[in-house]
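Reader: I'd like to learn how to read a few features here. Could you take me through them?

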Amino acid sequence: MSTSSLSLSLSLRSYMEVTVSSIVLSLALVTFLTLAWKALNLFWLRPKQIERCLREQGFKGNSYRFLYGDTKEFISAIKEARSKPMEACNDDVVWRVMPFHRYFVDLHGMNYFTWLGPTPRLNIIDPKLVKEIMSNTEVFQKPAITKLLLTGILAYDGEKWAKHRKLVNPAFQIEKLKLMVPAMYSSCCEVISNWEALVLTKGSCELDVWPYLSNLTADVISRTAFGSNYEEGKLIFQLLREQSDFAMQRLQSSFIPGWR
C-alpha cells in the first residue's frame, strides 16, 4: 500500500471517529436538555402556573416552594399537636386530628390550597362548591393514592361511580340502618366489658382508648357488612392499617425519582 493511500485511510478513519463522537455527544446533549426541561416544567413552571390560576379564582395559600411545597408545615403541625396532651373537657379535636387544617384555615381562610411537593391540593368548605364537585365525577377525578388504599365507590369515577352509588344507596336508608343497631350494640358492649375487666383486675388504670376504638370500628364494619367479627378478619384489618401507614408516609414526603 502506498504512503498516500495509507494517509487517506487514516484520515477517513479519524473523520468517522470524530463524526460518531459528535453524534453521540449531540444525542446526549439533546437527551439531557429534554430531561432538564421536563424536570423544570414538573417541579417549577407548572406549579407556578397552577398557583397563578388558583389565585385568579379567589383561592389563597402559600406560594409554591421548590420540591417541598408545604410538606414541612404539615409535618411540624402534626408534631406540635401530638406533643401536647388533649384536655378532657375540650371537645374541639380538630387541632389534634387535623392540625395542618387548623393552621391553614387560620392563615388563609376556609377555602385554601396547599402543596404536597409540586402537587396542589384544594380544601373546599363552601357547600355550593362541594355539591358542584360531587356532581361532576367526570371532571373531578379521585387521587391515585385513594385507589392504592381501597376499591369500590370511594375510588371509582364517572359512570362506574354512578352505577355503584345506585347499588349501595338502599343500604343507607334509615330503616336498613336501624337493623344494624343490634350489631353495633354488641360491639360496644364487648369493648366496655374489656374495660371493666381491666378495672376489676387492677383497681384503677390509665387507658389508651385509641386502639380499642379503632378495633371497634373494624368490628362494627365486620358485623354489619360481613356477618363476622373483628377477630375473624383481624389479619385483613392489620394489612389495611399497614397500607394506610405507607400511604401517609408517601403523602408526607417529596417524591424524587430514583431516590428510593
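Author: Sure, starting with vocabulary: helices (H or I, at least four residues) and strands (E, at least two) are DSSP runs, numbered from the N terminus. L45, for one, lies in helix α1. This is a predicted model, where local features need pLDDT of at least 70, side-chain atom pairs count only at pLDDT 80 or more, and totals for chains, interfaces and linings use all residues. Residues are numbered from 1 along each chain as its sequence is written, and side-chain values use heavy atoms, with hydrogens and water left out.

Reader: Is L45 buried or exposed?

Author: Buried means under 20% relative accessible area, exposed over 50%, and partly exposed in between (1.4 Å probe, protein chains only). L45 has a relative accessible area of 33%, so it counts as partly exposed.

Reader: Which residues make up the largest nonpolar core?

Author: In soluble globular proteins, nonpolar side chains tend to be buried together. A nonpolar core is a set of buried Ala, Val, Leu, Ile, Met, Phe, Trp, Tyr and Cys residues joined through side-chain atoms within 4.5 Å. Here the largest has nine residues: F43, I50, L54, F59, Y64, L67, F113, W115 and I124. Both α1 (3–56) and β2 (112–116) supply at least two of them, and α1 gives the most, three residues. There's also a second, separate core of seven residues, including F74, A77, I78 and F100.

Reader: What about α10, which residues are buried there?

Author: S214, L216, A218, D219, V220 and S222 are buried in α10. After α10 comes G227, with a positive phi near 70°.
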